[in-house]
Amino acid sequence: NVITKSGKAVETAGHLDTLLIDKTGTITIGNRKARNFYPSNGVDQLEFIKAAALSSLADETPEGKSIIELAGHDIVKTLSMEGAKMIKFTAETRSSGVELPGGRSIRKGASDAIKKLSASQGFPFPAETEVSVKDIASNGGTPLVVSDNGKVLGVIELQDIIKTGIKERFER
């Protein structure tokens, strides 16, 4: 039987066809991992990956480290943080990034935060990036949009890491 918090039996588990659970920490390990880079139309894939990696070089979060891992050692070793100032994530800005010498400002964050930043600098939010954001979110992922001096470069797809053995546990 499935038991509610009040202790009352709801239904025999064999008759269930839907199970609602809080996934973080239950079926996932609680960290998200970068899975894909989706550049906006007209943005060079390599330049987008470099910008995403630059915004993550000093990011100590598991998500930031996974962006570096996905970018790859060959790309990361070509990047320099000399004279750079890291911008840490805050709940207020919902973004993080880096200020590079010469005035270059790279940000990664929630789509609405980067959309607002982009608009404030006079750049439109690309329609294909909006589609990617919606597709990633509807697939259970977390989209992180990357901008360079306000221009949207693309979106990084983060996905939760499923605990090992979960499929077998549900089958039991």
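The following exercises, each with a worked solution, concern a predicted model.

**Exercise 1. Aromatic contacts**

Task: Find the aromatic pair in the structure and classify its geometry.

Solution:
- A pair of aromatic rings is described by the distance of the centres and the angle of the planes.
- Searching the whole structure yields one aromatic pair. Its members are Phe37 and Phe48, with 5.9 Å centre to centre and 90 degrees between the planes.
- Planes over 60 degrees apart count as edge-to-face, and the pair of Phe37 and Phe48 is therefore edge-to-face.
- Next, place the two rings in the chain. Phe37 belongs to strand S1 (residues 28–39) and Phe48 to helix H1 (residues 45–54). The two residues are eleven residues apart, and the pair links distant parts of the chain.
- Finally, consider accessibility: both Phe37 and Phe48 are buried.

**Exercise 2. The surroundings of strand S4**

Task: Determine how strand S4 (residues 105–109) is enclosed, and identify the strands that pair with S4.

Solution:
- Begin with burial. Strand S4 is largely enclosed by the rest of the structure, because five of its five residues are buried.
- Separate the residues by direction. Ser105, Arg107 and Gly109 point one way from S4, while Ile106 and Lys108 point the other way; all are buried.
- Examine the pairing with strand S3 (residues 95–99). S3 and S4 are antiparallel and share five bridges; Ser95 stands opposite Gly109.
- Inspect the connection. The hairpin of S3 and S4 has five residues between the strands, and within this hairpin Gly102 takes a positive phi near 90 degrees.
- Turn to strand S5 (residues 142–148). S5 also pairs with S4 in the antiparallel sense, over four bridges, and Ser147 in S5 is the bridge partner of Arg107.

**Exercise 3. The two sides of helix H5**

Task: Compare the span of helix H5 (residues 127–138) with the expected span, and assign its buried and exposed residues to sides.

Solution:
- H5 has twelve residues and reaches 17 Å from its first C-alpha to its last. This span is close to the 16 Å expected at 1.5 Å a residue.
- List the buried residues of H5: Thr129, Ser132, Val133 and Ile136. These residues lie on the same side of H5, because they cover an arc of only 100 degrees around the axis.
- Ala127, Lys134 and Ser138 are exposed on the other side of H5.
- Continue past the end of the helix: Gly140 follows H5 and has a positive phi, near 85 degrees.

**Exercise 4. A charge and a ring**

Task: State which residue lies over the face of Phe125, and at what distance.

Solution:
- The residue is Lys115, at 5.3 Å from the ring centre of Phe125.

Note on methods:
Residues are numbered from 1 along each chain as its sequence is written. This is a predicted model: local features need pLDDT of at least 70, side-chain atom pairs count only at pLDDT 80 or more; totals for chains, interfaces and linings use all residues. Side-chain values use heavy atoms; hydrogens and water are left out. Rings of Phe, Tyr and Trp (its six-membered ring) pair if their centres lie within 6.5 Å; planes under 30 degrees apart count as stacked, over 60 as edge-to-face and the rest as tilted. Buried means under 20% relative accessible area, exposed over 50%, partly exposed in between (1.4 Å probe, protein chains only). A charge sits over a ring if NZ of Lys or CZ of Arg is within 6 Å of the ring centre and within 35 degrees of the ring normal. Two strands pair if DSSP finds at least two bridges between them. The expected span of a helix is 1.5 Å times one less than its number of residues. The arc is that of the directions from the helix axis to the C-beta atoms.
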